[in-house]
Structure formats: structure tokens, C-alpha cells
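These are my notebook entries on a single structure. I set down what I looked up, in the order in which I took it.

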Amino acid sequence: MTEELEELGARAASGDQTVLPQLLQAIRPQVQRRVAKFLPFREDAEEAVQDTLLQVVNKVHTFKGTGSFAGWVTIVATNQARQTYRSLKRRAVEQSAEVMPESVDPRTTSVIAGSRLDLLEALEALESSHPQLVQPLVLRDLGAMTYAEIAHELDVPLGTVKARIHQARKAVAERLTVR
């Protein structure tokens, strides 16, 4: 499937619109898994999946073939999931205080959902202070890509990738443990 996906991605990137339905069907499960790691609620994740697939259609021409197409899709899905989270957070703030509960009841809050939201908050804070550290960390720890794949995908030296991941993990761990 990987070779087929890479071929479909290359064809779509070169302008072959006929492969888009097949390409989107092939990447949908990967995109769903990726965004589900960020967004704990199914409806929110589905919104991010749809937005990611739309982004792929609109931006596939920007895929240059320097890395794998699957890696490129991982980056697009990750960025879209984070963007969806930011949008949801902004909408929640905009709602009136009457609709929002005063505080969250820990008996009804999922530990997994809470930890994912904490991670997203930590990534957001890291992005504001050290944006170059976020992508390698996400690709390694959430995308399960190898250091070499990340170096190739981001077009940076392997040592740089390792250093950035180390720095990012340290910053995120500090943010998650200080509560």
C-alpha cells in the first residue's frame, strides 16, 4: 500500500486530478488515526479529518517529493488537528459564561481527554516560544517516525532533529508537570 500511496501522491502532486478520490480514500484511515491523537472527541476529530482532506486536495501541488507522501500527509493532518483545536478553544471562549460551567467536574472528565488537552496546551506554549521544536517532536512522539525520516522530511541534519526533539521533550515535560 505504501508504494501505491506514494505513486498516487506523486501523480496528484503533478496535477493528475483523476487520482484524487482514490488518494483521499487511501489516506483517510491514516488521517483519522493522526487527528484522533490530538482531539479526544469524535466529532471534533471528524471535523479535523474533513479539513485535512480538503487541505490535501488544495495543497497537494506543494508536495515536492523530497520526503515521503505519507510523511507529508502526517504533517498536514497534525497541523490541521492543532488548528482545529485552536479554533475549538477560541469558540469556547467566545461562548457566554452562562453556557459554560464554572469548573470542570473531575468525575465526568476523561483522564485521556484531559491529558491530550494538556499536551495540546503544552505544544501551543512551545510553539509560541520555540516554533522550530514542535514539528520534530510531533512527528517523533505522535507520528512515530524515525529520526532519519524526520530529518529527511524536514530537510535538516539528523543531529539537529535529535537536539530539537530533546529540547522539546524537556520543555513539554516541564509544562506538564508544573500544575
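## Entries on the model

**Entry 1: a threonine in helix α4.** I began with Thr78, which, once its neighbours within four places in sequence are set aside, is in contact with Arg34, Phe38 and Val138. I note that the model is a predicted one. I placed Thr78 in helix α4. Its relative accessibility is 1%, so I entered Thr78 as buried, the cut-off being under 20%.

**Entry 2: the overall make-up.** I then turned to the protein as a whole. I counted eight helices and zero strands. Read from the N terminus, the order of elements is α-α-α-α-α-α-α-α. Of the 179 residues in the protein, 35% are buried. For the accessible surface I recorded about 10,500 Å², with 54% of that belonging to carbon and sulfur atoms. I also looked up the contacts between residues at least 6 apart in sequence, and 64% of these join residues at least 24 apart.

**Entry 3: further along α4.** I returned to helix α4, which spans residues 69-94 and includes Gln80. Is Gln80 buried or exposed? Gln80 has a relative accessible area of 12% and is therefore buried, as this value is under 20%. Without its neighbours within four places in sequence, I found Gln80 in contact with Ala48, Asp51, Thr52 and Gln55.

Leu88 also lies in α4. With neighbours within four places in sequence again left out, the contacts of Leu88 are Leu39, Asp44 and Glu47. For one of these partners, Asp44, I took the C-alpha to C-alpha distance from Leu88: 8.2 Å in space, across 44 residues in sequence.

**Entry 4: the cavity.** I searched for cavities of 30 Å³ or more and found one. The volume of the largest cavity is about 40 Å³. Which residues line the largest cavity? I listed Arg82, Tyr85, Arg86, Leu120, Leu123 and Glu124. The elements that contribute two or more residues to this lining are α4 and α5, the latter covering 111-129. Sorted by class, the lining holds three nonpolar and three charged residues, and no polar ones.

I next asked where the largest cavity lies with respect to the domains. Domain 1 (1-99) and domain 2 (109-178) both supply lining residues, so I recorded the largest cavity as lying between them.

**Entry 5: a leucine in helix α2.** I looked up Leu23, which lies in helix α2, residues 20-36. Leu23 has a relative accessible area of 0%, and I therefore noted it as buried. Not counting residues up to four places away in sequence, Leu23 touches Leu5, Leu8, Gly9, Ala12 and Phe69. I also took the C-alpha separation of Leu23 and Arg11, which is 9.7 Å for 12 residues along the chain.

**Entry 6: a backbone angle.** Most residues other than glycine have a negative phi. I therefore made a separate note of Asp155, a residue other than glycine whose phi is positive, near 55°. I located Asp155 in the loop between α7 (147-154) and α8 (158-177). Is Asp155 buried or exposed? Its relative accessibility is 70%, so Asp155 counts as exposed, the threshold being over 50%.

**Entry 7: recapitulation.** Of the residues I looked up, I entered Thr78, Gln80 and Leu23 as buried, and Asp155 as exposed.

Note on methods. Residues are numbered from 1 along each chain as its sequence is written. This is a predicted model: local features need pLDDT of at least 70, side-chain atom pairs count only at pLDDT 80 or more; totals for chains, interfaces and linings use all residues. Side-chain values use heavy atoms; hydrogens and water are left out. Helices (H or I, at least four residues) and strands (E, at least two) are DSSP runs, numbered from the N terminus. Buried means under 20% relative accessible area, exposed over 50%, partly exposed in between (1.4 Å probe, protein chains only). Contact means heavy atoms within 4.5 Å. On a 1 Å grid over the protein atoms alone, a cavity is a set of points where a 1.4 Å probe fits but cannot get out, and a pocket is an open set with protein on both sides within 12 Å along at least five of seven lines; lining residues have an atom within 4 Å of a point. Grid points are joined across faces, edges and corners, and a volume is the space filled by probe spheres set on the points. Ala, Val, Leu, Ile, Met, Phe, Trp, Tyr, Cys and Pro count as nonpolar, Asp, Glu, Lys and Arg as charged, and the others, Gly among them, as polar. Domain bounds come from an automatic or database domain assignment. Accessible areas come from the Shrake-Rupley method with a 1.4 Å probe; for residues, only the protein chains shown count as cover.
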